[in-house]
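The exercises below each set a task and then work through a solution step by step. Please look over the sequence and the model before starting.

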Amino acid sequence: MKNKYIFFRTDRIGDFLLSAILIKSIKRSDKNSSITVVASKKNYAYISNFKFIDEVILFPESYFLKFFFYLRFIFKKYYLIAILDGKKRSLYFSFLTRSKFKFLFTYKKFYTILFKRFFSKIFYDDDYKDKISEIKVFLNFLNFDLDEDDFNTIDKSIVSSRDFKIPKFDNYTLLHLDEKWILNDYIQSYKSIEPISEKSLINFIEQLILKTNNNVYISTGSLPNKFTNFFKINFLMTGKNTYEFKILNKRVIFFDNMSFLQLEKLILNSTLLITCHGAPTHVAASFNKTIVDIIDTSELEFFNKWTAHFRDYNFCLRTNFTDLSKNILISLDS
């Protein structure tokens with residue numbers, strides 16, 4: 001009989017990718033395991049690509065469907081339930097469903113007191129120096145360990161085989177220019193890093209080419225902005241959603257309207273990723289790529305915990321674009 005594990009990760013792709021290290025380790029350690037992940041609309045399709053996960057269930061959004069979702073599991077029994085997202089909706093499931101072990105991960109101190117009797121162990125974030133330390137304690141509870149290969153959660157062969165053609169030139173730096181660079185499209189309390197003008201952005205790309213001697217590929221998020229529109233107008237369209245320009249005899253290629261799975265392939269084939277912290281950061285870490293991660297001062301302690309295990313990692317704090325571009329170039333000397 002299989003040991004049935006169920007993990008709740010009803011949030012985003014980046015959050016899942018950290019948890020994937022834990023899940024992969026369990027799958028490797030327990031050959032008799034059957035692993036289910038309950039996902040959100042934002043990460044369900046993505047999680048479905050992982051071979052070490054046996055089942056992915058989409059958590060419903062409507063209250064009506066949530067009721068039947070909980071009802072569906074009342075008479076089931078699991079070996080282990082882990083609430084990795086710390087959300088109330090996931091907590092309700094753990095209260096209603098039987099399991100030999102129940103674990104809760106939370107940022108809320110009062111949860112450690114209020115729900116102590118319901119869980120085998122509650123992992124309170126402030127008790128751990130980083131997220132990997134937390135994972136190791138979890139695994140130790142089960143008499144499992146963490147292997148170096150567990151950090152490589154994404155299957156490179158699957159990503160390489162995807163039907164998405166990348167221009168085959170020399171090494172390239174990937175600049176992920178998503179909505180997090182744009183003042184009005186992201187968290188208003190964060191420091192603005194929006195380029196002063198299209199000219200200032202092009203100047204940064206020139207300096208990046210001089211520094212690395214790489215071509216520069218540019219990806220974006222789901223929201224267009226004045227810079228992505230500038231690329232589409234001024235670069236030569238060379239394929240579907242692909243635009244090209246030459247700077248200092250290097251190719252600068254802009255990829256518009258990409259899926260996240262296509263972005264993964266771009267990251268896999270890059271030599272360097274420059275991005276605001278998010279899911280692409282965790283993808284690059286899984287591939288052991290060189291990363292320049294842009295984070296806000298207000299989140300420095302938080303992100304330090306999430307990135308402590310990254311192997312070729314640099315970060316820059318959000319500041320005005322003129323200073324940020326200089327800091328990115330300086331970070332490449334380390």
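Two residues are in contact here when heavy atoms of theirs lie within 4.5 Å. The model to which this is applied is a predicted one.

**Exercise 1. Describe the surroundings of Thr220, and decide whether Thr220 is buried or exposed.**

Solution. Begin with the position along the chain: Thr220 sits in the loop that runs between strand E8 (215-219) and helix H9 (226-234). Next, list the contacts, leaving aside neighbours within four places in sequence; Thr220 then touches His176, Leu177, Asp178, Asn225, Thr228, Phe254, Phe255, Asp256 and Asn257. One of these residues, Leu177, also offers its backbone oxygen, which lies 2.9 Å from a polar atom of the Thr220 side chain. Finally, take the cut-off for buried residues, which is under 20% relative accessible area; the relative accessibility of Thr220 is 7%, and therefore Thr220 counts as buried.

**Exercise 2. Follow the chain through strands E9, E10 and E11, and work out how E10 is joined to E9 and to E11.**

Solution. Start with E9 (residues 236-239) and E10 (residues 242-247), which run antiparallel and are joined by 3 bridges. Within this pairing, Gly239 stands opposite Thr242 of E10. The hairpin of E9 and E10 has 2 residues between the strands, and Asn241 takes a positive phi near 60 degrees.

Then move on to E11 (residues 250-255), which is antiparallel to E10 and joined to it by 6 bridges; here Lys246 has Arg251 in E11 as its bridge partner. E10 and E11 likewise form a hairpin with 2 residues between them, and in its turn Leu248 has a positive phi of about 50 degrees.

**Exercise 3. Describe helix H6 from its N-terminal end onwards, and find which elements its buried residues pack against.**

Solution. At the N-terminal end, Asp130 caps H6, with a side-chain oxygen 3.2 Å from the backbone nitrogen of Ile132. Along the helix, which covers residues 131-141, the buried residues are Lys131, Ile132, Ser133, Glu134, Ile135, Phe138 and Leu139. These buried residues pack against strands E1 (3-9), E4 (77-83), E5 (98-106) and E6 (121-124), as well as against helices H1 (13-29) and H12 (300-307). Just after H6, the chain reaches Asn143, which takes a positive phi of about 65 degrees.

**Exercise 4. Find which residues touch the most other members of the largest nonpolar core.**

Solution. It helps to recall that nonpolar side chains tend to be buried together in soluble globular proteins. The largest nonpolar core holds 60 residues, and those touching the most other members are Phe7, Phe16, Ile26, Ile53, Leu80, Phe138 and Leu266. Helix H1 gives the most to this core, with 9 residues. Apart from it lies another core of 30 residues, including Ile202, Leu208, Phe231 and Ile274. To see one member of the largest core in detail, take Phe7: beyond its neighbours within four places in sequence, its contacts include Leu22, Ile23, Ile26, Leu80 and Phe138.

**Exercise 5. Compare the radius of gyration of the chain with the value from the globule rule.**

Solution. Count the elements to begin with: the chain has 13 helices and 14 strands. Its radius of gyration is 21 Å, close to the 20 Å that the globule rule gives for 334 residues, so the chain is as compact as a globular protein of that length. As a further step, consider burial, where 54% of the 334 residues are buried. Lastly, among contacts with a separation of 6 or more, 59% are between residues 24 or more positions apart.

Key: Residues numbered from 1 in each chain as written. Predicted model: local features only at pLDDT ≥ 70, side-chain atom pairs only at ≥ 80, totals over all residues. Heavy atoms only, no water. Buried < 20%, exposed > 50% of the residue type's maximum accessible area, 1.4 Å probe, protein only. Helix = DSSP H or I, 4+ residues; strand = E, 2+ residues; numbered from the N terminus. Polar contact = N/O pair within 3.5 Å; in protein donor to acceptor, adjacent residues only side chain to side chain. Core = buried A, V, L, I, M, F, W, Y, C linked by side-chain atoms within 4.5 Å. Pairing = 2+ DSSP bridges. Rg over C-alpha atoms; globule rule 2.2 N^0.38 Å.
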